[in-house]
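I am opening these notes to record, entry by entry, what I looked up in this structure. My plan is to start from single residues and then work outward to the chain as a whole.

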Amino acid sequence: FRVGELVPIMNTYPLEFKTGLIGAVSLRLMLPNRSISQLVHVSALIALVYAMDAYLIKPLPAASEISTQTIFITGANSGVGFETARQLVVNYGLNVILGCRSPAKCNAAVNAINANANEGSAS
């Protein structure tokens, strides 16, 4: 980054920029063989990613906008995939196709999701 690129970030996200700068100084003290420009680059990227993640989150579209779509989710028999599929079926009424490696686990997940479904379905 050049100074001209950092100034808008610093003005838009002052707290995050200060946090990144403190992190860069800490890294400089801990890793003396790194150049200051490398540490500023890393800290600016960290601050930018943090700021974008914190302030640029886009909400899900309204259920009426996506109610006719079918969603395919891999790894949907457990964990994040299962919870995502469950929420899309139960909360949004969507049709979700679950992709799993084990047919038995996939059928169990489909049955668990469909037990709570009102409008949508899992298959």
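**Entry: Leu21.** I looked up Leu21 first and found its place in helix H2, which covers residues 14-30. The model is a predicted one, and what I note here is computed from it. I then asked whether Leu21 counts as buried, exposed or partly exposed. Its relative accessibility is 42%, and because the partly exposed class runs between 20% and 50%, Leu21 counts as partly exposed. I also looked up its distance to Ser43: the two residues are 22 apart in sequence, while their C-alpha atoms are 6.2 Å apart in space.

**Entry: Tyr92.** My next residue was Tyr92, which I located in the loop between H5 and E2. Tyr92 has a relative accessibility of 23% and therefore counts as partly exposed. From C-alpha to C-alpha, Tyr92 and Glu119 are 8.3 Å apart in space, although 27 residues separate them in sequence.

**Entry: H5 and H6.** How do the axes of H5 and H6 lie with respect to each other? I found that they come within 9 Å and cross at roughly 30°. Since angles under 35 degrees count as roughly parallel, I wrote down H5 and H6 as roughly parallel to each other. The crossing in which H5 passes H6 is right-handed. On the H5 side, the residues that meet H6 are Phe82, Ala85, Arg86, Val89 and Val90, and their partners in H6 are Ala109, Ala112, Ile113 and Asn116.

**Entry: the nonpolar core.** Which residues touch the most other members of the largest nonpolar core? This core has 13 residues, and I noted Ile73, Ala85, Val96, Leu98 and Ile113 as the ones with the most such neighbours. Helix H5 (79-90), strand E2 (95-99) and helix H6 (103-116) each supply at least two residues of this core, and the largest share, four residues, comes from H6. I then followed Ala85 separately: setting aside its neighbours within four places in sequence, Ala85 is in contact with Ile73, Ala76, Val96, Leu98 and Ile113.

**Entry: the whole chain.** Stepping back, I counted six helices and three strands in the chain. Read from the N terminus on, the elements run α-α-α-α-β-α-β-α-β. Of the 123 residues in the chain, 24% are buried. The chain exposes about 8400 Å², and carbon and sulfur atoms supply 61% of that area. Finally, I looked up how contacts are spread along the sequence: among those with a separation of 6 or more, 61% are between residues 24 or more positions apart.

Note on methods:
Residues numbered from 1 in each chain as written. Predicted model: local features only at pLDDT ≥ 70, side-chain atom pairs only at ≥ 80, totals over all residues. Heavy atoms only, no water. Core = buried A, V, L, I, M, F, W, Y, C linked by side-chain atoms within 4.5 Å. Buried < 20%, exposed > 50% of the residue type's maximum accessible area, 1.4 Å probe, protein only. Contact = heavy atoms within 4.5 Å. Areas by Shrake-Rupley, 256 points an atom, 1.4 Å probe, with all protein chains shown as cover. Axes fitted to C-alpha atoms, helices over the stretch in contact; angles between N-to-C directions. Parallel < 35°, antiparallel > 145°, perpendicular 65-115°, else oblique. Left-handed = near helix turned anticlockwise from the far one by under 90°.
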